[in-house]
Amino acid sequence: MTRRTNIHPVLDRPDVGASLFSTWEVGTPERQRRTVEAIADTWERRPWPAKGLLGYFVYTAEDGSGLLHHSQWADEQAYEAFVKTHRQERNDAIDTAVPGIERVGIERYRRYRSLTGGEGRAAREPGCVVIVDIEFDGPDPARQRAWVDAVEEALAAEPHAHPGGISAHFHLGSDGTRVLNYAEWETARHHIDAMAAPGEGVGSLSPLWQRVQTWPGLLETGSVKRYEYALGLVPD
């Protein structure tokens, strides 16, 4: 069966072989709320669809316009089987409840590295999830990893880390062109304050951060969007 949970996903669980992220545009905070409830109702009324699906999590965009979907899979083959047998029927039921949802797309990733603040992930509950999306000019898995390694080096060299940051989980796109950072913060205000500090984004003006931001082939220094955790669905 399917069970609803308010526990945040464990991003670094070792049995996750594929992490999928997608967004839906719904238009307003009221439609956002109705869509979350339609997802919960649709899934809770049905058996858990696949052994290879480890968890499905939904987040509301800060501006009230849309949703972020994050699903953890044993591998991409498990997701492909779900698409053939279960996905459309569930989407149809959700669309009946809330017509006019725009599904923007879905990207496939695999977690590469997780960084946790000094106080540890378990001690602090995330009040805000920040998604940073990075794109390069062509597929290059070695470049993806090297860029994340450079970010880790820059973070480690920061003399005064911004308060409120809990963790950063870097995912490499399966197509070799993208990196997604799933960052957990105590509150949205902590992240807003960090973004307003001197520098470009969360990083300072140090040479290490300048190297990150001017990496060869980097097309975007990162679209940044804040979300609030809304719904977790797991096998019972």
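**Entry 1: ground rules**

I began with the accessibility classes: a residue is buried at under 20% relative accessible area, exposed at over 50%, and partly exposed in between, using a 1.4 Å probe and protein chains only. I noted that this is a predicted model, where local features need pLDDT of at least 70 and side-chain atom pairs count only at pLDDT 80 or more, while totals for chains, interfaces and linings use all residues. Residues are numbered from 1 along each chain as its sequence is written, and side-chain values use heavy atoms, leaving out hydrogens and water.

**Entry 2: Arg143 and Asp137**

I looked up aspartate 137 and found it exposed, at 51% relative accessibility. Its partner is arginine 143, and their side chains form a salt bridge with N and O 2.9 Å apart. My rule for a salt bridge is a side-chain nitrogen of Lys or Arg within 4 Å of a carboxyl oxygen of Asp or Glu. Is arginine 143 buried or exposed? Arginine 143 counts as buried, with 15% relative accessibility.

I also wrote down a network: Arg4, Glu37 and Glu44 are joined by salt bridges that share partners.

**Entry 3: Glu80 and Arg108**

How many salt bridges does the rule give? The count is 19. One that I checked pairs glutamate 80 with arginine 108, at 2.5 Å from N to O. This pair links distant parts of the chain, 28 residues apart: glutamate 80 sits in helix 2 (residues 76–97) and arginine 108 in strand 5 (residues 102–116). For my glossary, helices (H or I, at least four residues) and strands (E, at least two) are DSSP runs numbered from the N terminus. Glutamate 80 is partly exposed at 32%, and arginine 108 is partly exposed at 26%.

**Entry 4: Arg113 and Glu152**

Next I followed strand 5 to arginine 113, which forms a salt bridge with glutamate 152; their closest N and O atoms are 2.5 Å apart. Glutamate 152 belongs to helix 3 (residues 141–157), and 39 residues separate the two along the chain. Arginine 113 is partly exposed at 25% relative accessibility, and glutamate 152 is partly exposed at 28%.

**Entry 5: Trp73**

Where is tryptophan 73? I found it in strand 4 (residues 66–73). Tryptophan 73 is buried because its relative accessible area is 2%, and buried means under 20%. Leaving out residues up to four places away in sequence, its contacts (heavy atoms within 4.5 Å) include Asp15, Leu20, Leu54, Tyr79 and Phe82. Ala18 is also among them; the C-alpha atoms of tryptophan 73 and alanine 18 are separated by 5.1 Å, although the residues are 55 apart along the chain.
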